[in-house]
Amino acid sequence: MLKIWTDGSCLGNPGPGGWGFIATDGTHIAERCGGEKNTTNNKMELTAVIRALMAAKKHDEIEIHTDSQYVKNGMQTWIKNWKKNNWRTSDKKPVKNVELWQQLDELAESKKIHWVWVKGHAGEEFNERVDDLARTAAESYK
């Protein structure tokens, strides 16, 4: 199973943002990051997972570690009703970041994904590293 850690960062919200991920199959480790000049933290959190899944296309079973309750709850709970309600929330408002949620949903559709929430800034090695990747990417867009 491929294990992935993801994180997003934003300097201001909105503002310059960055995303990062680390993937390991137990033998090899890959790191990637990037960013945007004007974005939000939630967009960067979603983009980190999207980019990780794009890079992991040959893997069918993936464990994603994230400190984002927004991403984890969105994929495990909220998305079912959003799709059923034509991408509207329970109070009938359009889902924010819908294009990213739809892209993530499409990428995740053919995979078995295990979602693992990790507490941010709590010393977990790979979570700290992806935080550094995302923050450094965001700083490069200042």
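**Salt bridges, sheet and cores**

Glu31 has a relative accessibility of 33% and therefore counts as partly exposed. The model is a predicted one. Glu31 forms a salt bridge with Arg129. In this pair the closest N and O atoms are 2.9 Å apart. The contact links distant parts of the chain, with Glu31 in strand 3 (residues 29–39) and Arg129 in helix 4 (residues 125–139). The two residues are 98 residues apart. Arg129 is also partly exposed, because its relative accessibility is 33% and the buried class is under 20%, the exposed class over 50%.

The structure holds six salt bridges. One of them joins Lys3 to Glu63, with 3.9 Å between the closest N and O atoms. Lys3 belongs to strand 1 and Glu63 to strand 4, so this salt bridge ties together parts that are 60 residues apart in sequence. The partners fall into separate accessibility classes: Lys3 is partly exposed at 35%, whereas Glu63 is buried at 16%. Glu63 also stands opposite His114 in strand 5.

The side chains of Asp105 and Lys83 meet in a salt bridge too, at an N to O distance of 3.0 Å. This pair links helix 3, which holds Asp105, with helix 2, which holds Lys83. Here the separation along the chain is 22 residues. Asp105 is buried, with 14% relative accessibility. Lys83 is partly exposed, with a relative accessible area of 38%. A network of salt bridges links Asp131, Asp132 and Arg135.

The strands are considered next. Five strands form an open sheet in the order 3-2-1-4-5. The pairing is mixed. Strand 3 and strand 5 are the edge strands, and each pairs on one side only. Direction ignored, neighbouring strands of the sheet are turned by 20 degrees against each other on average. Strand 4 pairs with strand 5 in the parallel sense, over six bridges.

Two helices are placed against these strands. Helix 2 lies across strand 4 and strand 5 and runs at about 140 degrees to strand 5. Helix 4 lies across strand 1, strand 2 and strand 3, where its angle to strand 2 is about 145 degrees.

The largest nonpolar core has 28 residues. Ile4, Leu53, Trp101 and Leu104 have the most contacts inside this core. At least two core residues come from each of strand 1 (2–10), strand 2 (15–24), helix 1 (41–55), strand 4 (61–66), helix 2 (69–84), helix 3 (98–109) and strand 5 (112–117). Helix 1 gives the most, supplying seven residues. A second, separate core has five residues, among them Ile22, Phe126, Val130 and Leu133.

Ile4 reaches several segments of the chain. Beyond its neighbours within four places in sequence, Ile4 is in contact with Phe21, Ile22 and Ala23. The list of contacts also includes Ala52 and Ala56. Ile62, Glu63, Ile64 and His65 are contacts of Ile4 as well. Two of these names recur elsewhere in the model. Ile22 is a member of the second core, and Glu63 is the salt-bridge partner of Lys3.

Ser68 lies in the loop between strand 4 and helix 2. This serine is buried, because its relative accessibility is 5% and the limit for that class is under 20%. A polar atom of the Ser68 side chain lies 3.1 Å from the backbone nitrogen of Val71. With neighbours within four places in sequence left aside, Ser68 is in contact with Glu45 and Trp117.

Lys43 is found in helix 1, the element that gives the most residues to the largest nonpolar core. Lys43 itself is partly exposed, at 29% relative accessibility. Not counting residues up to four places away in sequence, Lys43 touches Asn97 and Leu100. The C-alpha atom of Lys43 is separated by 10 Å from that of Asn13. Along the chain these two residues are 30 residues apart.

Notes. Residues are numbered from 1 along each chain as its sequence is written. This is a predicted model: local features need pLDDT of at least 70, side-chain atom pairs count only at pLDDT 80 or more; totals for chains, interfaces and linings use all residues. Side-chain values use heavy atoms; hydrogens and water are left out. A nonpolar core is a set of buried Ala, Val, Leu, Ile, Met, Phe, Trp, Tyr and Cys residues joined through side-chain atoms within 4.5 Å. Buried means under 20% relative accessible area, exposed over 50%, partly exposed in between (1.4 Å probe, protein chains only). Helices (H or I, at least four residues) and strands (E, at least two) are DSSP runs, numbered from the N terminus. Contact means heavy atoms within 4.5 Å. A polar contact is a pair of N or O atoms within 3.5 Å; within protein, one must be able to donate a hydrogen and the other to accept it, and residues adjacent in sequence count only if both atoms are side-chain atoms. A salt bridge is a side-chain nitrogen of Lys or Arg within 4 Å of a carboxyl oxygen of Asp or Glu. Two strands pair if DSSP finds at least two bridges between them. Axes are lines fitted to C-alpha atoms, for helices over the stretch in contact, and angles run from 0 to 180 degrees between N-to-C directions.
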